[in-house]
Amino acid sequence: MAVLEKSKLFASRKFNSYLTSANTNGQEKWLGYFFCPMGAAILNVTIISYLNVFYTDVLDLTNSFKWAAAFLTLFPILSKVVDAITNIIMGQIIEKTRTKQGKARPWIFISAPLMTASCILLFLIPQKHSIIQLILVVLTYNLFFSFAYTIYNMSHTLMVPLSTNNVKQRDGLSLFTNMGVNMLPGVVVSLVFPAVLMPILGYSYQKWLTAMTIIAAIALPFTMLEYFFTKERVTEAAMEAGETETISFKEQLKACFGSKYWVMMILFMLMFQIMSNIMTVSLPYFCNWVLGTYNDGTTQTILSAVGKAPLGFGVFLLWPLIKKFGKRKVMIIGFTIAALAEILCWIGRVNMPVMLVGSAVYAIGFLPSYVYSALMADTLDYVEYKSHIRADGLTASIFTIIATISVGISQSIFNLGLSTTNYQPPQLISEGVYNTQSAATQNFISFAYIGIPGIALAIMALIMVFLRVEDMLPEINAELTARRKAEAEARGEVYLSIEEKAALEQEENDRIAEENRIAELKAKCKKKGLDFDTEEAKYQEKLADKKAKEEAKAAKKNKK
């Protein structure tokens, strides 16, 4: 049974994408994939980074009951059982969604108010220690992660694979979306929060609630705009071709697990998410208790600033490297460099200059992770190539399950470590002076922030050595295009690939641009008393010279 097929909301022209081009364009890249996803990203990263701090330092859950330590360790993992179920359900819902706006985009729009409301509820937990308090912690945690954010994240994750079949354009969108959800949100949460907000918030319940309400409200319009500045060209093409049959969950599962490259991408994603989440949750603790002092307002800001600085100029170096060497090779080298940087950080974990150098090198090595979405899309093409089954929804389900379960696993591991090493909440001893943590607690926090990511990076580099799907893309794309042409011919239709549609669109745009140029030149000649044929000849001569130079440059490059 189709979902949202008869929805009047998404049938209305008011909810059409603002994009009409068969090609991806600058507006789509900058708004749909870079700028607008920042709202949900900042909201999610803030919650992942500081919700645990809210639980331990504001609500003091570590000391609320005798079995509080066990609760903080187990409830995030147990909550992910619910999350896993909702992810599978949501994946199948997306696969069965049939609307004029696509199958994933409508859910981005629906998720926007749900994320805002559930985030506010996360921080409305009463401070009084009681069973009701713990029940509300579990309910609100699952409402955000297992419901609202699951809907958004699965839909957002699918947008790169569903945007276009053009590999180069897809790589570009992947780079932009990963920059948008990682670079600036990371800077805001890692720099602004510890430098400006944390010293103000302290462990005041009311201030935390006010701050998170504001952040949740800001995310709402950003997420809605992401809906309007994205477009599902792959879904639209399938609907035009009459491909509306839904493949069963069992068939999709068999097709995916029958692909070695798909399995490798799942393992890569698992390592990536665990590493990212455990670094995120442990960062404030590392800066408060190992490298600096509690809420000093500078340690985390400086460490994050230096660690994020290479991401700015590094992005401009990344794209040319990927075009020349490919995604896989750049990832292998990058992750190896990042893993070695973590060794340096471990050696100098209490030394700020050493940590700054190590963090900067780590950031440079980690840059290639920005294109993993494009690699996932390549892998989905491979699954379709081998099995004739497109498993976008199932893959998004599993990827989102991994992403959300990793949050729970990371929190559970970290909270278990804090509990077993006797972590103490902050206590003001004298003006500006807080208590310290034991050596065992400091060592565990350091291992969580530096050691676990270093191990994960080494595994990720190894996975990339064997994930060779990128080398097969020309063969895969040719075969998939041939299949679609044959299917269209069997229906008595003329098949045009997305690339062919884009070429025709570009040809039409060039024709219109040329007509406008000639009209403008005629108007100019009439106004200034110039001869049109003479001016046109000058223009054509300049155009021929430019073309000759470009051809000579290309020939020289090919010769090399």
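Three helices, H7, H11 (260-291) and H12, each put at least two residues into the lining of the second largest cavity. Keep in mind that this is a predicted model. Below is a quick tour of that cavity, a pocket that also draws on H7 and H12, a nonpolar surface patch and a buried glycine.

**The second largest cavity**

- The structure holds 2 cavities of 30 Å³ or more, and the second largest comes in at about 80 Å³.
- H11 is the top contributor to the lining of this cavity, giving 3 residues.
- If you want to find the spot, look for Tyr 50, Pro 194, Met 198, Pro 284, Cys 287 and Asn 288, which are among the lining residues.
- The rest of the cavity lining is Asn 295, Asp 296, Gly 297, Thr 298, Thr 299 and Gln 300.
- Sorted by class, the cavity lining has 5 nonpolar, 6 polar and 1 charged residues.

**The second largest pocket**

- This pocket has a volume of about 350 Å³.
- Helices H7 (167-201) and H12 (299-325) each bring at least two residues to the pocket lining.
- H12 has the largest share of that lining, with 5 residues.
- The pocket lining includes Asn 166, Val 167, Lys 168 and Asp 171, along with Trp 319 and Ile 322.
- Also on the pocket lining are Lys 323, Lys 324, Phe 325, Gly 326, Lys 327 and Glu 470.
- Class by class, the pocket lining has 6 charged, 4 nonpolar and 2 polar residues.

**A nonpolar patch on the surface**

- Trp 67, Ile 131, Ile 132, Ile 135, Leu 136 and Leu 139 together make a nonpolar surface patch of about 580 Å².
- One of these patch residues, Leu 139, sits in helix H6, which covers residues 131-163.
- Leu 139 counts as exposed because its relative accessibility is 53%, and the cut-off for exposed is over 50%.

**A buried glycine in H16**

- Gly 393 belongs to helix H16, residues 392-420.
- Gly 393 has a relative accessible area of 0%, so it is buried; the cut-off for buried is under 20%.
- Going from Gly 393 to Tyr 382 takes you 11 residues along the sequence and 15 Å through space, C-alpha to C-alpha.

Note on methods: Residues numbered from 1 in each chain as written. Predicted model: local features only at pLDDT ≥ 70, side-chain atom pairs only at ≥ 80, totals over all residues. Heavy atoms only, no water. 1 Å grid on protein atoms, 1.4 Å probe; cavity = no way out; pocket = protein on both sides within 12 Å on 5 of 7 lines; lining within 4 Å. Points joined across faces, edges and corners; volume = space filled by probe spheres on them. Helix = DSSP H or I, 4+ residues; strand = E, 2+ residues; numbered from the N terminus. Nonpolar A, V, L, I, M, F, W, Y, C, P; charged D, E, K, R; others polar. Patch = residues over 30% accessible without salt bridge, like charges linked within 9 Å, V, L, I, M, F, W, Y side chains within 5 Å. Areas by Shrake-Rupley, 256 points an atom, 1.4 Å probe, with all protein chains shown as cover. Salt bridge = Lys/Arg side-chain N within 4 Å of Asp/Glu carboxyl O. Buried < 20%, exposed > 50% of the residue type's maximum accessible area, 1.4 Å probe, protein only.
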